[in-house]
Amino acid sequence: MTKAITPEELVKFQENFEKTPGSSAIKNAVANNGLYKSSETIASKVSMDPVFSVDIDTGSVADQKQSGLCWVFAALNTMRHPLQKDFKIKGFELSEGYMLFWDKLEKSNFFFQNVINTADLPVGDRKVDFLMTTPQQDGGQWDMVMALVQKYGVVPKSVMPDTFSRTKSNELNTVLNTKLRKDAIILRNLVNNNESENDIERQKNEMLSEIYKILVYSVGEPPASFDWAYRDDDKKYHKESNITPQEFFKKYVGWDLDNYVSTINAPTDDKPYNHVYTVEMLGNVVGGRQVRHLNLEINDFKNLAVKQLQSGEVVWFGSDVGQSSDTKVGIMDTNIYDLEGLLNTDLELTKAQRLDYIESMMTHAMVITGVDLDENGKPLKWKVENSWGEKVGTKGYFVMSDSWFNEYVYQLVINKNLLDDSLKETFENESKDPKVLAPWDPMGALA
């Protein structure tokens with residue numbers, strides 16, 4: 001039975017506070033500086049020096065600015081790193097705006113399809129509410145950006161440069177979500193009035209045409225083909241004429257996208273290790289690449305990241321960047337703040353508990369470009385390329401402690417060739433029919 005806090009209990013609370021050693025000094029420190037600054041540790045800053053035994057040179061960092069496109073930036077960064085080296089184009093960047101355009105158009109179609117599929121469910125049903133809460137947004141996952149690349153290719157940033165809405169996407173998202181919710185009402189009514197599939201499809205395409213128009217106004221019109229010239233680091237001139245985005249990807253990136261798979265570390269009871277999972281209603285391209293996660297135990301998970309770095313490839317990863325981190329100095333470390341010591345309270349949760357009780361989930365995607373290994377080959381700390389410009393961290397690069405990796409890194413994209421034969425076979429077989437998680441599962445969180 002619930003009862004109210006009594007005056008007598010309030011007196012006890014006050015007495016207990018006054019008995020706390022150093023309570024007056026702590027009160028003044030927190031009041032003036034806040035909880036995190038007051039509990040910041042010097043030891044963490046000393047141990048997180050940005051020196052690494054394995055360090056891949058990736059050049060200057062990009063800046064996503066006021067948009068949630070970290071997953072796109074991180075993916076395009078993994079592509080531009082070898083491109084810069086192979087073609088000697090220092091400072092080259094692929095167009096994030098090009099990916100943004102197609103992602104928002106495809107997400108709109110994906111949303112419409114889910115609206116049609118759930119039209120028989122009442123308003124207030126959890127799935128309907130889930131769809132309507134955020135019809136589309138900037139965030140995404142690795143397989144989603146790969147679906148876009150497979151369908152649309154990539155282009156240089158000079159071909160489709162940034163616009164206001166690419167660098168500050170809040171207005172565009174607000175307008176699009178209002179439009180999508182209005183269109184959802186119309187589509188649900190058409191389905192529930194038993195209109196023909198042809199009529200519903202025709203109406204949906206008219207809606208998509210209007211969204212395309214809004215996107216062209218806001219982001220620019222993506223080219224079907226383009227001319228592109230550049231001068232390499234040796235001052236040699238090069239020119240491409242009438243090349244398509246797909247041709248550009250094939251020539252300048254040249255990846256077999258099926259070689260890169262999403263691995264996760266989700267130590268919750270509902271996700272046994274060494275199995276493949278997907279998430280209901282998660283994706284962007286209807287009929288395109290499906291989101292698939294191979295869940296691995298933490299040591300297997302980390303060892304693959306080390307192997308990939310040692311092979312000369314960087315690692316796309318998803319994590320909860322807001323936890324135990326100082327984003328200004330660029331440190332992510334479980335020991336950066338001593339909140340428990342400051343407050344004399346227990347704040348410890350396991351990784352599984354954080355996921356189950358919505359304390360943590362993937363919120364941001366970045367790229368691991370280095371690791372510092374001890375004499376036994378075990379990681380001590382990791383070098384991270386962010387996409388927040390050069391004014392944070394060490395010219396945009398962060399340092400992540402190995403303990404932080406254990407607790408807050410949830411997803412790594414790994415070259416399939418690095419998986420052992422058993423895991424490779426598991427991924428290939430189970431990807432055909434992965435276990436489907438609920439739409440609100442934390443592994444469906446968008447970076």
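These are legends for an overview and a few close-ups of a predicted model.

**Overview. The whole chain, with 16 helices and 14 strands.** The radius of gyration comes out at 24 Å, close to the 22 Å the globule rule gives for 447 residues, so the chain is as compact as a globular protein of that length. Boxed along its principal axes, the set of C-alpha atoms takes up roughly 75 × 65 × 45 Å. Buried residues account for 51% of the 447. Of the contacts with a separation of 6 or more, 77% join residues 24 or more positions apart. On the outside, about 21600 Å² is exposed, and carbon and sulfur atoms supply 49% of that. As for charge, there are 49 positive and 66 negative side chains, with the centres of the two sets 5 Å apart.

**Close-up 1. K416, a lysine in the loop between β13 and α16.** The loop follows β13 (409–415) and leads to α16 (421–430). K416 has a relative accessible area of 13%, so this lysine counts as buried, the cut-off being under 20%. What sits around it? Leaving aside neighbours within four places in sequence, K416 is in contact with D258, N259, V261, K424 and E428. With D258 there's a specific pairing to look for: the backbone oxygen of D258 lies 3.3 Å from a polar atom of the K416 side chain.

**Close-up 2. D183, an aspartate in helix α9.** The helix covers residues 170–192. D183 has a relative accessible area of just 4%, so it falls under the 20% cut-off and is buried. Once neighbours within four places in sequence are set aside, its contacts are F112 and M207. If you zoom out to find E8, you'll see that its C-alpha atom is 56 Å from that of D183, with the two positions 175 residues apart along the chain.

**Close-up 3. K65, a loop lysine with positive phi.** K65 sits in the loop between β1 (54–55) and α4 (70–87). Its phi is near 55°, and it isn't a glycine.

**Close-up 4. K395, another lysine with positive phi.** Here phi is about 50°, again in a residue that is not a glycine. K395 belongs to the loop between β11 (379–385) and β12 (397–401). Is this lysine buried or exposed? K395 has a relative accessibility of 64%, and since the cut-off is over 50%, it counts as exposed.

Notes
Residues are numbered from 1 along each chain as its sequence is written. This is a predicted model: local features need pLDDT of at least 70, side-chain atom pairs count only at pLDDT 80 or more; totals for chains, interfaces and linings use all residues. Side-chain values use heavy atoms; hydrogens and water are left out. Helices (H or I, at least four residues) and strands (E, at least two) are DSSP runs, numbered from the N terminus. Buried means under 20% relative accessible area, exposed over 50%, partly exposed in between (1.4 Å probe, protein chains only). A polar contact is a pair of N or O atoms within 3.5 Å; within protein, one must be able to donate a hydrogen and the other to accept it, and residues adjacent in sequence count only if both atoms are side-chain atoms. Contact means heavy atoms within 4.5 Å. The radius of gyration is taken over C-alpha atoms; the globule rule is 2.2 Å times the number of residues to the power 0.38. Accessible areas come from the Shrake-Rupley method with a 1.4 Å probe; for residues, only the protein chains shown count as cover. Lys and Arg count as positive and Asp and Glu as negative; His and the chain ends are not counted. The place of a charge is taken as NZ of Lys, CZ of Arg, CG of Asp or CD of Glu.
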